[in-house]
Each structure stands twice: as C-alpha cells, then as structure tokens.
Amino acid sequence: MSRIGKLPITLPKGVEVNVSDKNVVTVKGPKGTLNQKMDAAITLKNEEGKLIVERATEQKRHKAMHGLYRALVASMVKGVSEGYKTEQELVGVGYRAANKGQLLELTLGYSHNVSFDLPVEIKVTTQTEKGKNPTIIMESADKQLLGMVAAKIRSLRKPEPYKGKGIKFTGEALRRKAGKSAGK
C-alpha cells in the first residue's frame, strides 16, 4: 500500500470537500475555493472529519495515482485553510520591485523594466527597506499556481554563481564558485 496514499487527511474547521459525478473534487474554505479533476480509479471517503483516499486495484498506475491525488487534495485542504506564501529577494545593485495591483514592475539590470501580470488568485506585496534587498511576497491558496508563478519570476534573472546577483528565494542557499585565480 502507498505510504503517502494511506495517510488520512484531517479537515480543519470551516473546510468543505465535495466530489461531483465527474470525479471533480471541490474544496471550499476561508481562503477560497479550489477544484481538481481526479482519476476514475481513485475515490474519496469522508469519515468523521477525515478524508481517506482509496484506489480501485493494485495496478502500478493506480498505486502511483493513489499517492499523487492524496498529496494534491492535502495541499488543497491546507491552501484553503491556511494558504501558502513565498518570498523572493532581488540581489543586485539597482534591482527594484514595485507592484500596482496585480502588475509587478521589476528593474533587473536590463535596458528596460520588466512588467509581470499576476493571476487574480495571487496576492502580491513588495518591500523595499534601506540596507536590505527588495523583497517580493506572494500569497495564494493554490500551491501549484504559486510555485509556477514564483519559478517564472525567478527565471527572469536567475542567481548567478559568482556574485550571487539575481532573483532568489528567501533563505535559498546558492552554490558559489570562485572566480579566476590571480597570477601564477
């Protein structure tokens, strides 16, 4: 049996889970509503405030889907109850970030500013303090969407290994390289 798939998912207060006829799971909570289409071989049971994910057979594909959909539903439940948050730092001289609603304006050392339009599901704030790197803080109930958008922003200027300049996640350890060695 799948070690991840057999773990029950505890439902916090205020979170509702519904499964439609077409195997679409809808999770509603205080932070929003999320939907996920599930495989036909996977079923959800709600027993006394706990969700249990079950599979139809012991086929290898069904075993793989068992753990996958349990993890997806668990992250949906956590997202609508607590939410997810990512922080990114802009390391470099002259690097700046500002947001106007859902539009993120980034100055990353290019000849032009980069405008990044964020989805409405993501709440963004930017912080600029003297003596610290500018920070982009994003919050959302959807873990997949938040990770995808954070990776896209990071790809605009990846941290380079020599000076560490670029967009990095707060607390991310970068592998640094030594530069050219001087003389013989």
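Two strands pair if DSSP finds at least two bridges between them. The model used in these exercises is predicted.

**Exercise 1. Follow the strands β2, β3 and β4.**
Task: Find how many bridges join β2 to β3, and which residue of β3 is the bridge partner of Val19.

Solution.
- Step 1. Locate the strands: β2 covers residues 16-19 and β3 covers residues 24-29.
- Step 2. Count the bridges. There are 4, and the pairing is antiparallel. At least two are needed, so β2 and β3 count as a pair.
- Step 3. Look across from Val19. Its bridge partner in β3 is Val25.
- Step 4. Inspect the connection. β2 and β3 form a hairpin with 4 residues between them. Asn23, in the turn, has a positive phi of about 60 degrees.
- Step 5. Move on to β4, residues 32-37. β3 and β4 pair in the antiparallel sense over 6 bridges. Val27 stands opposite Leu34 in β4. A hairpin through 2 residues joins β3 to β4.

**Exercise 2. Order a sheet.**
Task: State in what order the 4 strands of the open sheet lie, and which strands are at the edges.

Solution.
- Step 1. Read across the sheet: β11-β12-β7-β13, with antiparallel pairing.
- Step 2. Find strands that pair on one side only. These are β11 (123-127) and β13 (166-169), the edge strands.
- Step 3. Check the twist. From one strand to the next, it averages 20 degrees.
- Step 4. Zoom in on β7 (residues 84-91) and β12 (residues 135-140). They pair over 6 bridges. Lys85 stands opposite Glu139 in β12.
- Step 5. Add the helix. α2 (residues 143-155) packs on the sheet and touches β7, β12 and β13. The directions of α2 and β7 make an angle of about 5 degrees.

**Exercise 3. Explore the cores.**
Task: Work out which element supplies the largest share of the largest nonpolar core.

Solution.
- Step 1. Start with the size: this core has 20 residues. Leu106, Ile136, Met138 and Ile153 have the most contacts inside it.
- Step 2. List the suppliers. β7, β9, β10, β12 and α2 each give at least two residues.
- Step 3. Pick the largest share. It comes from α2, with 5 residues.
- Step 4. Take Ile153 as an example. Beyond its sequence neighbours up to four places away, Ile153 touches residues including Leu104, Phe116 and Ile167.
- Step 5. Look for another core. A second, separate one has 18 residues, among them Val15, Ile42, Leu72 and Val77.

**Exercise 4. Check the rings.**
Task: Find which ring lies under the charged end of Arg157.

Solution.
- Step 1. Count aromatic pairs: there are 0.
- Step 2. Turn to the charge. The end of Arg157 sits over the ring of Tyr110, 4.2 Å from its centre.

How values were computed:
Residues are numbered from 1 along each chain as its sequence is written. This is a predicted model: local features need pLDDT of at least 70, side-chain atom pairs count only at pLDDT 80 or more; totals for chains, interfaces and linings use all residues. Side-chain values use heavy atoms; hydrogens and water are left out. Axes are lines fitted to C-alpha atoms, for helices over the stretch in contact, and angles run from 0 to 180 degrees between N-to-C directions. Contact means heavy atoms within 4.5 Å. Rings of Phe, Tyr and Trp (its six-membered ring) pair if their centres lie within 6.5 Å; planes under 30 degrees apart count as stacked, over 60 as edge-to-face and the rest as tilted. A charge sits over a ring if NZ of Lys or CZ of Arg is within 6 Å of the ring centre and within 35 degrees of the ring normal. A nonpolar core is a set of buried Ala, Val, Leu, Ile, Met, Phe, Trp, Tyr and Cys residues joined through side-chain atoms within 4.5 Å. Buried means under 20% relative accessible area, exposed over 50%, partly exposed in between (1.4 Å probe, protein chains only).
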